[in-house]
Amino acid sequence: LLWVRHQHRSSVVLDVMSDPQQPSHRAEDSEAESDSDSPSESEESESLSSDESLIDREGAAQAKDAGNASYLAKDYGAAIRHYSEAIRLDSEEATYYSNRAAAYMMAGHYDKAIQDCEYSLKLDPSAVKVLLRLAKCYLKVGNLSEAKTHLLEASKIEPKNVAVIRDTRLVQQLHRELAKCREDLDNNQAHEAMRIAQKLSGYMPDSVEVQLMMARALLAIGQEDRAASIANTILRQDQQNVVAIFVRGMSFYKQAELERAIAHFARGLKYDPDNKLCRDAYRKSKRLESCKKAGVDAFKAGQFAKACEHFGEALSIDPSLDSYNKALLSNRAAALKKLRRYPEAVADCTAALKIDSRYLRCLQRRAEIYMEMENYEEAVRDYEAASQMSDDRNIAQQLRRAKLELKKSKRKDYYKILGLKKDASPSQVKRGYHLMAKQWHPDRHSSSTEEDRLAAEAKFKDIAEAYSVLSDPEKKAAYDSGKDLEEMEMGGSGFGGVDPADIFASMFGGGFGGGGGFGGGGFRSQSQYRRPGHGGGFRSSHF
């Protein structure tokens with residue numbers, strides 16, 4: 001009590017010094033209050049005197065003026081400091097809180113601005129200007145309900161206030177835009193939702209709901225990184241924001257990181273078990289993961305048809321999930337390749353590469369399938385593209401092999417002429433020749449048209465040529481290595497001077513009348529192939 005009295009006397013002295021015209025009865029009153037016989041009256045007087053001593057209206061006014069100057073200079077940090085000083089010197093002046101709220105608004109500290117506006121209204125409930133400022137603060141953070149409430153209060157005080165009418169209409173319009181944005185997101189109208197969200201963010205820059213709407217739209221148009229950035233910013237302020245958790249999970253989902261996505265959806269459901277966004281995404285992700293695993297397991301077990309079914313089911317779950325579906329397409333192509341369903345396998349690889357043109361493994365897989373199809377030109381093209389993406393020695397080796405097969409394919413395919421596979425054994429070569437030579441011997445086509453007879457002669461010649469090479473180990477090795485007939489130096493006749501009729505006779509016995517082989521490239525007349533006493537054609541035992 002003695003300390004309070006001492007402080008009071010000191011403040012009175014300061015007041016008298018600062019204002020010569022001010023009467024000096026304060027000190028007298030104080031002394032009288034201190035000598036009073038009534039303790040309660042004395043304590044009350046001392047309390048009131050002490051409160052008054054804490055107020056410096058002149059200093060507060062000067063601080064406010066300095067704050068106004070800083071505000072006009074757009075130095076809002078300095079303005080806040082000056083207004084705070086004014087409030088310290090005179091905490092019962094509503095204007096100082098309102099002014100500081102304006103500075104906080106301009107600095108983007110809307111929560112603090114709201115606190116100052118609300119305190120200012122406690123001191124002056126009828127201040128329409130402050131009600132408008134408070135409504136704007138709530139609008140900035142996206143609380144349209146509170147903004148509408150305070151505008152309604154302002155309209156009751158000044159029904160014809162132009163600013164009140166204008167802001168009320170704005171809040172109503174933004175409320176409609178918010179509803180439209182929600183509807184567009186639910187209907188997968190991402191670009192329209194994005195347009196509205198960008199417009200709303202100009203009016204409500206600190207609205208978490210608007211930011212998350214924008215993040216969801218970004219997810220839908222393939223900008224997962226930007227969406228994740230927005231979600232992370234919100235989660236730093238509110239770790240339990242379920243929609244932000246959903247957006248973060250969806251960013252992992254869109255990047256085919258299903259395990260991390262599922263973890264986020266589960267976390268969101270922990271905070272809000274009824275959240276539809278997290279629940280639906282969780283179920284979809286688990287189903288995708290299950291179908292893919294079933295497909296992989298079936299492939300490993302050699303159940304390739306079953307693997308195709310599982311991968312196909314997974315592809316039907318979310319056709320828009322390109323980052324995940326490209327792997328499913330490539331996996332199904334591998335199963336189709338095992339089933340020798342090459343055109344379908346190529347189609348799946350092509351679909352995956354349309355999603356990601358630099359999908360190296362899928363590019364290699366398609367090249368392998370083209371090799372199986374003996375479409376060497378396409379195989380070379382894919383291997384060349386793959387070699388530009390990677391310096392893997394295996395790719396370079398496969399490219400060389402494809403080029404060799406392409407070169408070989410431009411020659412006569414002796415294996416195909418004899419109806420053989422490329423790994424045919426000597427006995428299979430002999431049997432292939434036996435069947436094809438009987439089928440295409442010119443005598444069997446003697447009654448055909450001239451065009452058909454010539455075609456049969458050419459075919460028979462190719463059959464003999466193919467057999468002459470594939471039945472000779474040295475020539476076969478040279479042929480398999482990619483050398484053509486000229487490189488093997490087989491002579492002017494094309495197959496080392498060997499007569500196709502002689503080859504036929506050696507296989508079927510008997511021989512043929514006349515001599516001279518194909519001399520000059522022409523074929524013998526039909527009479528040369530008729531054995532005496534048999535009218536025409538071969539003995540039936542040859543067939």
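Colleague: Why do the sulfurs of cysteine 117 and cysteine 137 make no bond?

Modeller: Keep in mind that this is a predicted model. In it, the sulfur of cysteine 117 has its closest cysteine sulfur in cysteine 137, 4.7 Å away. A disulfide needs the two sulfur atoms within 2.5 Å, so at 4.7 Å they are too far for a bond. Searching the whole structure turns up zero disulfides.

Colleague: What makes cysteine 117 count as buried?

Modeller: Its relative accessibility is 0%. Buried means under 20%, so cysteine 117 qualifies. Cysteine 308 has 9% relative accessibility, so that residue is buried too.

Colleague: How do you know that aspartate 318 and lysine 284 meet in a salt bridge?

Modeller: Check the N to O distance, which is 4.0 Å. The cut-off is within 4 Å, so the pair counts as a salt bridge. The two partners sit in distant parts of the chain, 34 residues apart: aspartate 318 is in the loop between helix 17 (304–317) and helix 18 (322–338), while lysine 284 is in helix 16 (residues 276–300).

Colleague: Aspartate 318 and lysine 284: buried or partly exposed?

Modeller: Aspartate 318 has a relative accessibility of 8%, under the 20% limit, so it is buried. Lysine 284 has 33%, which falls between 20% and 50%, so we call it partly exposed.

Colleague: What makes aspartate 382 and arginine 366 a salt bridge?

Modeller: Their side chains come to 2.8 Å, N to O, and 2.8 Å is within 4 Å, so the name fits. Aspartate 382 belongs to helix 21 (residues 376–389) and arginine 366 to helix 20 (residues 360–372), 16 residues apart. Aspartate 382, at 3%, is under 20% and therefore buried. Arginine 366, at 14%, is under 20% as well, so it is also buried.

Colleague: Why are glutamate 209 and arginine 182 called partly exposed?

Modeller: Glutamate 209 has a relative accessible area of 32%, and arginine 182 has 35%. Partly exposed runs between 20% and 50%, so both values land in that range. These two side chains also meet in a salt bridge of 2.8 Å, N to O. That pair links helix 12 (residues 208–220), home of glutamate 209, with helix 10 (residues 162–186), home of arginine 182.

Colleague: How many salt bridges does the count come to?

Modeller: The count is 28. There is also a network of salt bridges, linking Lys412, Asp462 and Glu465.

Colleague: Which residues have the most contacts inside the largest nonpolar core?

Modeller: Those are Val247, Tyr253 and Leu288, in a core of 106 residues. Helix 8 (residues 128–140) gives the largest share, nine residues. Another core, of 17 residues, lies apart from it, with Tyr415, Leu418, Leu420 and Ala466 among its members.

Colleague: What is tyrosine 253 in contact with, leaving aside its neighbours within four places in sequence?

Modeller: Its contacts include Leu258, Phe265, Leu288 and Leu321. Lys284 and Asp318 are among them too, and those two are the salt-bridge pair from earlier.

Colleague: How many helices and strands are there in the protein?

Modeller: You can find 27 helices and zero strands. Of the 543 residues, 41% are buried.

Conventions
Residues are numbered from 1 along each chain as its sequence is written. This is a predicted model: local features need pLDDT of at least 70, side-chain atom pairs count only at pLDDT 80 or more; totals for chains, interfaces and linings use all residues. Side-chain values use heavy atoms; hydrogens and water are left out. A nonpolar core is a set of buried Ala, Val, Leu, Ile, Met, Phe, Trp, Tyr and Cys residues joined through side-chain atoms within 4.5 Å. Buried means under 20% relative accessible area, exposed over 50%, partly exposed in between (1.4 Å probe, protein chains only). Helices (H or I, at least four residues) and strands (E, at least two) are DSSP runs, numbered from the N terminus. Contact means heavy atoms within 4.5 Å.
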